Amino acid sequence: MIKELVHDEAILSTPCEAATAADADVAQDLVDTLLSIEDAACLAANQIGVTKAIIALADDEGNAHVMFNPKVLFGMGAYKAEESCLTREGSVKVTRFAKIKVSYDELVDGELKPRKRDFVEWAAELIQHMCDHCNGKLV
């Protein structure tokens, strides 16, 4: 179901709780909402009002990929970036990493399965932005 985006800083600044397989409906709402927004690249569950650690990213083909409980384990190649956000006014200057290793859970056949993967460049920046959202950091 497509949800309204949340702009309430009280919700956006609340660190998200760990997500479980029971949050599959939240993940689907996140995907539906992300894909309904033209030119949107990523979305976190708290941006649709649910403080669970779930993020969705759109790839170049318009497919969405979901990560439950994402955590950046380490990053390399720090650089300064200026980012905008779907749920915040203006843009902010942040430090990001060109390459990151992320641990996350993937929903497979109704169960969360642990994963680790490296991401670079644009995907790495998006994931770092979404992890900030999950941690309650206003970006």
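**Exercise 1. A salt bridge between two strands**

Is aspartate 118 buried, exposed or partly exposed? Work this out, then describe the pair that aspartate 118 belongs to.

*Solution.* A word before we start: this is a predicted model.

Step 1. Buried means under 20% relative accessible area and exposed means over 50%, with partly exposed in between. The relative accessible area of aspartate 118 is 36%, so aspartate 118 is partly exposed.

Step 2. Now the partner. The side chain of aspartate 118 meets that of lysine 101 in a salt bridge, at 2.9 Å from N to O. Lysine 101 belongs to strand S4 and aspartate 118 to strand S5, so their pairing ties together parts 17 residues apart in sequence.

Step 3. Apply the accessibility test again: lysine 101, at 24%, also counts as partly exposed.

Step 4. To widen the view, the structure holds nine salt bridges. Glu17, Asp23 and Lys52 are joined into one network by salt bridges that share partners.

**Exercise 2. The sheet**

In what order do the five strands of the open sheet run, and which strands stand at its edges?

*Solution.* Step 1. The order is S1-S2-S3-S4-S5, with antiparallel pairing.

Step 2. Strand S1 (42-44) and strand S5 (111-120) each have a single partner strand, so each is left with one side that has no neighbour in the sheet. Those two are therefore the edge strands.

Step 3. On average, neighbouring strands of this sheet are turned by 40 degrees against each other, direction ignored.

Step 4. Look at one pair in detail: S3 (residues 64-85) and S4 (residues 88-108) are joined over 14 bridges in the antiparallel sense. Opposite tyrosine 79 you will find arginine 96 in S4.

**Exercise 3. Helix H2 on the sheet**

Check the length of helix H2 and find what covers its buried residues.

*Solution.* Step 1. H2 has 13 residues, and at 1.5 Å a residue the helix should span 18 Å. The end C-alpha atoms of H2 are 18 Å apart, which agrees.

Step 2. H2 (residues 24-36) lies across S1, S2, S3 and S4, at about 35 degrees to S2.

Step 3. Among the buried residues of H2 are Val26, Leu30 and Leu34. Their cover includes S1, S2 and S3.

Step 4. Aspartate 29 of H2 counts as buried too, at 16% relative accessibility. A salt bridge joins aspartate 29 to lysine 3, with the closest N and O atoms 3.9 Å apart. This pair links distant parts of the chain, as lysine 3 sits in the segment before H1, 26 residues from aspartate 29.

**Exercise 4. Two acids in helix H3**

Which residue forms a salt bridge with aspartate 132, and how far from glutamate 125 is the nearest side chain of opposite charge?

*Solution.* Step 1. Start with the helix: 11 of the 14 residues of H3 are buried, including Glu125 and Asp132.

Step 2. The partner of aspartate 132 is arginine 96, at 2.9 Å from N to O. Aspartate 132 is in H3 and arginine 96 in S4, so their salt bridge ties together parts 36 residues apart in sequence.

Step 3. Arginine 96 is buried, with a relative accessible area of 3%, and aspartate 132 counts as buried at 11%.

Step 4. Glutamate 125 is buried yet has no salt bridge: arginine 96, the nearest side chain of opposite charge, is 5.4 Å away. The cut-off for a salt bridge is 4 Å. Glutamate 125 does touch Arg96, along with Tyr79, Ala81 and Glu83.

How values were computed: Residues are numbered from 1 along each chain as its sequence is written. This is a predicted model: local features need pLDDT of at least 70, side-chain atom pairs count only at pLDDT 80 or more; totals for chains, interfaces and linings use all residues. Side-chain values use heavy atoms; hydrogens and water are left out. Two strands pair if DSSP finds at least two bridges between them. Helices (H or I, at least four residues) and strands (E, at least two) are DSSP runs, numbered from the N terminus. Axes are lines fitted to C-alpha atoms, for helices over the stretch in contact, and angles run from 0 to 180 degrees between N-to-C directions. Contact means heavy atoms within 4.5 Å. The expected span of a helix is 1.5 Å times one less than its number of residues. Buried means under 20% relative accessible area, exposed over 50%, partly exposed in between (1.4 Å probe, protein chains only). Lys and Arg count as positive and Asp and Glu as negative; His and the chain ends are not counted. Lists of a residue's contacts leave out its neighbours within four places in sequence.
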